[in-house]
There are 2 protein chains.
Amino acid sequence: MEIRRQDIHNSDIPLVCRACEARHGGVCGALTSEQLSELNKHSFRNRLETGAEVIGQGETVVNYSNIMRGVVKLTKVMADGRQQIVGLQFAPDFLGRPFLEESAITAEAATESEVCNFPRHVLDRLVKRTPELEHKLHQQALKELDEARDWMLTLGRKTAQEKVASFLYLIATHIDPESVDRSAFELPLSRADIADFLGLTIETVSRQFTKLRKENVIRIENNRHVTVPDMDRLMRYAGND
Amino acid sequence: MEIRRQDIHNSDIPLVCRACEARHGGVCGALTSEQLSELNKHSFRNRLETGAEVIGQGETVVNYSNIMRGVVKLTKVMADGRQQIVGLQFAPDFLGRPFLEESAITAEAATESEVCNFPRHVLDRLVKRTPELEHKLHQQALKELDEARDWMLTLGRKTAQEKVASFLYLIATHIDPESVDRSAFELPLSRADIADFLGLTIETVSRQFTKLRKENVIRIENNRHVTVPDMDRLMRYAGND
DNA sequence: GCTTTCACTTGATCAAAATCAAATGGTGAC
DNA sequence: GTCACCATTTGATTTTGATCAAGTGAAAGC
């Protein structure tokens, strides 16, 4: 089902939206120029330091957001502090759980990021009047569901080595959607975050990195910069044949 | 956001739909009587034996379904046969992944079940014309996403005992939505399926059942019938404080 | 009635990852 | 330059759950 690109004059579009990448890839692409103007009146952008919280588990949702730049992690915590990252969102993803007052997860910036926020009630009103917008949000939810289920297989059935390789493969294919060369990238997560994403400890993550490095599956510089000489080989290590 | 119940005369509704529970709880509730009649022309019901496959991983999706009765498990398999259940669907859930040709998962009956099937292209056409229907499907996708993320925490961070307790709690609260007394129920899954749902082996699942039984958290008869004397206690064993 | 089969349980041993502990290496403050 | 701090790595040991193997019990077939 192809979506017809709306023929809108750039001059009708709010200034800040014109150069926005999320406008075409993200949910704003479903809006007419008037709707965009309306939404823009209530929206504001902000920069997030690494670790800055967008919304906390159990808190009342005030805003939805579009990620303009950076990586946002979605986490769940248990009462005793055990933590699991249940999703990673990359620009230009929509951030938020429509139709619920209270957030079941914490969202926080994994890297220095920039987001564009809209009040929940404004977007909710817009969704009711704009089937195309609901369709976009529906597609986003389905994409996240597919990703969550893929990751459930990783969490439930893969070995530590396969998990770490799966993580590297995920980052390689998601960090920079435009880039042709996916063989070199910066890890957006610390070892502790990676452990929380994979259901492992930081020690095990570190050991598996060392092992993959010694087997020449990856090269690592400065802890964060990774090079993958053979992506298919990494994929095999990840158990995705 | 409350959805106005459509004021439809029963006489306009297809005979088979009149007594259908999924009509109000499920996606059909979003349809007018004409739309329901239209959809009904192309739909058919069938009974599924335990283990019967609704759709296989990698196959082309021909039908969507509503679960009328029973429990359907959604699984993913790796090339070497390792398997993970990534979702359990209970009546009257909608079954299917809108907008994708190829299924990323296998869906099969965990118990003897009954489903109502509609051809994909018929429902897809209806979705485009019926925002209310897309809204229902969107809500269903979001519900499944919430459940998937809850389960990711279970898979990634809980101990074997907490996992088994979490499974029992999940079944207790989902198997019979109408029932007030949730303290006695039949397990819809074999030990092997439970292991695949929890990312464990059958031996570990069995041992944890024995342990929970010895600690009087549950009682078990005939392997499948479970009684929970204290649901809050089970919840604590599941790590959900 | 007896055997076969299948699901489940129980026991013994093993291995993978967690835990506990210490070392390394880089960065920023002074 | 030195110190303090933090993230990461590496090493030793322990624990949890997997694996291998044998048993039990109930239902189905002959």
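How far is a phosphate oxygen of DNA strand D from an N or O atom in the side chain of A:Arg191? In this predicted model, the distance is 2.9 Å. DNA strand D is surrounded by 16 residues. Of the strand's atoms that come within 4 Å of the protein, 66% belong to sugar and phosphate.

**Contacts to phosphate**
- The side chain of A:Arg191 places an N or O atom 2.9 Å from a phosphate oxygen of DNA strand D.
- B:Thr204 has a polar side-chain atom 2.4 Å from a phosphate oxygen of the strand.
- B:Ala160 uses its backbone: an N or O atom there lies 2.7 Å from a phosphate oxygen of DNA strand D.

**Elements facing the strand**
- Three helices give two or more residues each to the surface near DNA strand D: α7 (191-198) and α8 (202-214) of chain A, and α8 (202-214) of chain B.
- α8(A) supplies the largest share, 4 residues.

**Residues around the strand**
- The closest residues are A:Ser206 and A:Thr210 from chain A, with B:Ala160, B:Thr204 and B:Arg207 from chain B.
- By class, the surface near DNA strand D holds 8 polar, 5 charged and 3 nonpolar residues.

**A loop glycine in chain B**
- B:Gly81 sits in the loop that links β4 (71-77) to β5 (83-90) of chain B.
- Its relative accessible area is 45%, so B:Gly81 is partly exposed.
- B:Gly81 and B:His121 are separated by 40 residues in sequence. Their C-alpha atoms are 32 Å apart in space.

Notes: Residues are numbered from 1 along each chain as its sequence is written. Chains are lettered from A and ligands numbered from 1 in the order in which they are written. This is a predicted model: local features need pLDDT of at least 70, side-chain atom pairs count only at pLDDT 80 or more; totals for chains, interfaces and linings use all residues. Side-chain values use heavy atoms; hydrogens and water are left out. A residue is near a molecule or strand if one of its heavy atoms lies within 4 Å of it. A polar contact is a pair of N or O atoms within 3.5 Å; within protein, one must be able to donate a hydrogen and the other to accept it, and residues adjacent in sequence count only if both atoms are side-chain atoms. Ala, Val, Leu, Ile, Met, Phe, Trp, Tyr, Cys and Pro count as nonpolar, Asp, Glu, Lys and Arg as charged, and the others, Gly among them, as polar. Buried means under 20% relative accessible area, exposed over 50%, partly exposed in between (1.4 Å probe, protein chains only).
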